[in-house]
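Me: I'd like to learn how to read a protein model, starting from its surface and working in to its strands. Could you walk me through one?

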Amino acid sequence: MKIHERTYWLLGAGLVGVALFSTCGSIPRNAKPIDHFELNRYLGKWYEIARFDYRFEKNLNNVTAKYSLNDNGTVRVVNSGFDYKKNEWKSATGKAKFRNDKQTAALKVSFFGPFYSGYNVIAIDKDYQYALVAGESLKYLWILSRTTTIPSDVKQAYLEKAKAVGYDTSKLIWVEHDKENPY
């Protein structure tokens, strides 16, 4: 391989790498993170009401997420749930940080070192009791609540919003909460 060919190949590979890493922590095209986000009100325990099935939460019920501040200003994230097939509790601890300004609910979260994924609050009630969270693509969606249930009007509004973004809400898994989560 000539020097010029190798230089172009390395440059091309570098550009592909930049493109891949710059999409980390993004958001679906038709979704918009909320403005005037108040992180301190969002911190605490949330129950997962519904989600799309993906490998990190496969076979989990009684799922919660706890958010708290780390000393360095990032957000500590502890996700946990009961694996009903293996009959055991599982948890994962990660960190989240804002992609831009702290008043826009566009964050990126990592449970695996330098690899981040989008975490975008696209709907939340005025009391910070219910949230609709979009991942980086249409493969990731969560409905969260401060309690194990959600009012039907909030559920319907969030489902409509998710459909408007492009999500196929028929694929949602409705999480059971029949055990006390020890995390």
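Reply: Happy to! Accessible areas here come from the Shrake-Rupley method with a 1.4 Å probe. This is a predicted model, and the accessible surface of its protein chain comes to about 10,800 Å². Carbon and sulfur atoms account for 54% of that surface.

Me: What share of the residues in the protein chain is buried?

Reply: A residue counts as buried when its relative accessible area is under 20%. By that cut-off, 41% of the 183 residues in the protein chain are buried.

Me: Which secondary structure does the protein chain have?

Reply: There are three helices and nine strands. Along the sequence the pattern reads α-α-β-β-β-β-β-β-β-β-α-β.

Me: How do I read a single strand, say strand 2: is it mostly covered or not?

Reply: A general idea helps here: in a regular strand, side chains alternate between the two faces of the sheet. As for strand 2, residues 60–69, seven of its 10 residues are buried, making the strand mostly covered.

Me: In which sense does strand 2 pair with strand 1?

Reply: Antiparallel, over four bridges, with strand 1 spanning residues 44–52. Tyr47 stands opposite Thr64 of strand 2.

Me: And how many bridges join strand 2 to strand 3?

Reply: Eight, and these two strands also run antiparallel, with strand 3 covering residues 75–83. One pair to look for is Leu69 with its bridge partner Val75 in strand 3. Strands 2 and 3 form a hairpin with five residues between them. In the turn, look for Gly73, whose phi is positive at about 95°.

Technical notes: Residues are numbered from 1 along each chain as its sequence is written. This is a predicted model: local features need pLDDT of at least 70, side-chain atom pairs count only at pLDDT 80 or more; totals for chains, interfaces and linings use all residues. Side-chain values use heavy atoms; hydrogens and water are left out. Buried means under 20% relative accessible area, exposed over 50%, partly exposed in between (1.4 Å probe, protein chains only). Two strands pair if DSSP finds at least two bridges between them.
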